[in-house]
Amino acid sequence: MNNDRLTEIEKLIDNRKVDEAQFLLSSLGAEYNKNANYLYLRGKVFYLNKLYYIAIDTLLIALEFEQSDKTYEMISEIYGLLGNNELKEKLLNEDLRKNAISSLK
């Protein structure tokens, strides 16, 4: 896998070039489907496009491959936007987040 491509896509997202990033993500092959960073970036694109539930699903899959603070934080942020502040706080708490994620699945 070429992590340079993912870095390039992440820069596009950070610069709010979401359509370009989405196009590049969609052009990556199936070998990326189990890459937590790829899934995180897909989730972030969905989030920026206000597709919150698809973003959550994608980020939950990313957690299956790698437990990362940035993934938990993004899921927490989405639940905050959706008005579920209790779940948001649980996801931000390192002691509670795994049980909170398990309850979502």
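**Helix packing around α3, α4 and α2**

The crossing of α3 and α4 is left-handed. In this predicted model, the axes of α3 and helix α4 (residues 52–65) come within 8 Å and cross at roughly 165°. With an angle over 145° counting as roughly antiparallel, α3 and α4 are therefore roughly antiparallel to each other. On the α3 side, the contact is made by Ala36, Leu39, Tyr40, Arg42, Gly43, Phe46 and Tyr47. The α4 side contributes Tyr52, Ile54, Ala55, Thr58, Leu59, Ile61, Ala62 and Phe65. By residue class, the contact of α3 with α4 comprises 12 nonpolar residues, two polar ones and one charged.

A helpful place to look into this contact is threonine 58, which lies in helix α4. Threonine 58 has a relative accessible area of 11%; the cut-off for buried is under 20%, so this residue counts as buried. Once neighbours within four places in sequence are left aside, threonine 58 is in contact with Leu39, Arg42, Gly43 and Phe46. These four residues are also listed among the α3 residues that make the contact with α4.

Attention now turns to helix α2, which spans residues 18–27. Here Val18, Ala21, Leu24 and Leu25 are buried. They cover an arc of only 130° around the axis, and this places them on the same side of α2. An α-helix has 3.6 residues a turn, so residues three or four places apart point the same way. Asp19 and Phe23, by contrast, are exposed on the other side of α2. The cover over the buried residues of α2 includes α1 (3–14) and α3 (36–48). Helix α3 thus appears in both parts of this description, as part of the cover over α2 and as the partner of α4 in the left-handed crossing.

Methods:
Residues numbered from 1 in each chain as written. Predicted model: local features only at pLDDT ≥ 70, side-chain atom pairs only at ≥ 80, totals over all residues. Heavy atoms only, no water. Buried < 20%, exposed > 50% of the residue type's maximum accessible area, 1.4 Å probe, protein only. Helix = DSSP H or I, 4+ residues; strand = E, 2+ residues; numbered from the N terminus. Arc of directions from axis to C-beta. Contact = heavy atoms within 4.5 Å. Axes fitted to C-alpha atoms, helices over the stretch in contact; angles between N-to-C directions. Parallel < 35°, antiparallel > 145°, perpendicular 65-115°, else oblique. Left-handed = near helix turned anticlockwise from the far one by under 90°. Nonpolar A, V, L, I, M, F, W, Y, C, P; charged D, E, K, R; others polar.
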